[in-house]
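User: Please take a close look at the nonpolar core of this chain and at what surrounds it. A connected account would suit me better than a list.

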Amino acid sequence: MDKAKRPFIKSKRSFRRRLPLIQSGDRIDYRNMSLISRFISEQGKILSRRVNRLTLKQQRLITIAIKQARILSLLPFLNNEKQFERIESTDRTASFRTKKNNRFTT
């Protein structure tokens, strides 16, 4: 049999199924912060369904719960920690400040 005419054979690799992130007893609710926080990235974005390994219905419920929690200020819209950190002043700005201060002292 030629290689071109050979039927496509799917490889039989064994794979380990991940346990579902949401058990049957878990309620998908905006108040359940421990559950909701698993589906948010470090930047505060909602992770995709492919990454979460959720069903379509579960992903919709998670998205609604996250949006409700954001509106009620239980979750931040953005999680930019760099915005709140104090940035060390560089030499350029430090020298500008000293020049400015010297101008007013004389």
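Analyst: In this predicted model, the largest nonpolar core consists of eleven residues: Ile22, Leu35, Ile36, Phe39, Ile40, Leu54, Ile62, Ala65, Ile66, Ala69 and Leu75. Helices α1 (33-36) and α3 each supply at least two residues of this core. The largest share comes from α3, with four residues.

One member of the core, Leu75, can be followed through its contacts. Leaving aside neighbours within four places in sequence, Leu75 is in contact with Met33, Ile36, Ile40, Ile66, Ala69 and Arg70. Of these partners, Ile36, Ile40, Ile66 and Ala69 are listed in the core together with Leu75.

Arg70, another partner of Leu75, sits in helix α3, which covers residues 56-71. Arg70 counts as buried because its relative accessible area is 13%, and the cut-off for buried is under 20%. With neighbours within four places in sequence again left aside, the contacts of Arg70 are Gly44, Lys45 and Ile46 on the one hand, and Leu75, Pro76 and Phe77 on the other.

Phe77 leads from Arg70 to the surface. Together with Ile71, Leu72, Leu74 and Leu78, Phe77 forms a nonpolar surface patch, and the accessible area of these residues together is about 560 Å². Leu74, one of the patch residues, lies in the loop between α3 and α4 (81-84). Leu74 has a relative accessible area of 43%, so it is classed as partly exposed; that class lies between the 20% and 50% limits.

The loop between α3 and α4 also holds Asn80. Asn80 is likewise partly exposed, at 38% relative accessibility. Along the chain, Asn80 and Glu42 are 38 residues apart, and their C-alpha atoms are separated by 8.7 Å.

As for the chain as a whole, it has five helices and zero strands, and the pattern read along the sequence is α-α-α-α-α. Of the 106 residues in the chain, 15% are buried. Among contacts between residues at least 6 apart in sequence, 46% join residues at least 24 apart. The chain has an accessible surface of about 10,400 Å², and carbon and sulfur atoms account for 53% of that surface.

Note on methods. Residues numbered from 1 in each chain as written. Predicted model: local features only at pLDDT ≥ 70, side-chain atom pairs only at ≥ 80, totals over all residues. Heavy atoms only, no water. Buried < 20%, exposed > 50% of the residue type's maximum accessible area, 1.4 Å probe, protein only. Contact = heavy atoms within 4.5 Å. Core = buried A, V, L, I, M, F, W, Y, C linked by side-chain atoms within 4.5 Å. Patch = residues over 30% accessible without salt bridge, like charges linked within 9 Å, V, L, I, M, F, W, Y side chains within 5 Å. Areas by Shrake-Rupley, 256 points an atom, 1.4 Å probe, with all protein chains shown as cover. Salt bridge = Lys/Arg side-chain N within 4 Å of Asp/Glu carboxyl O.
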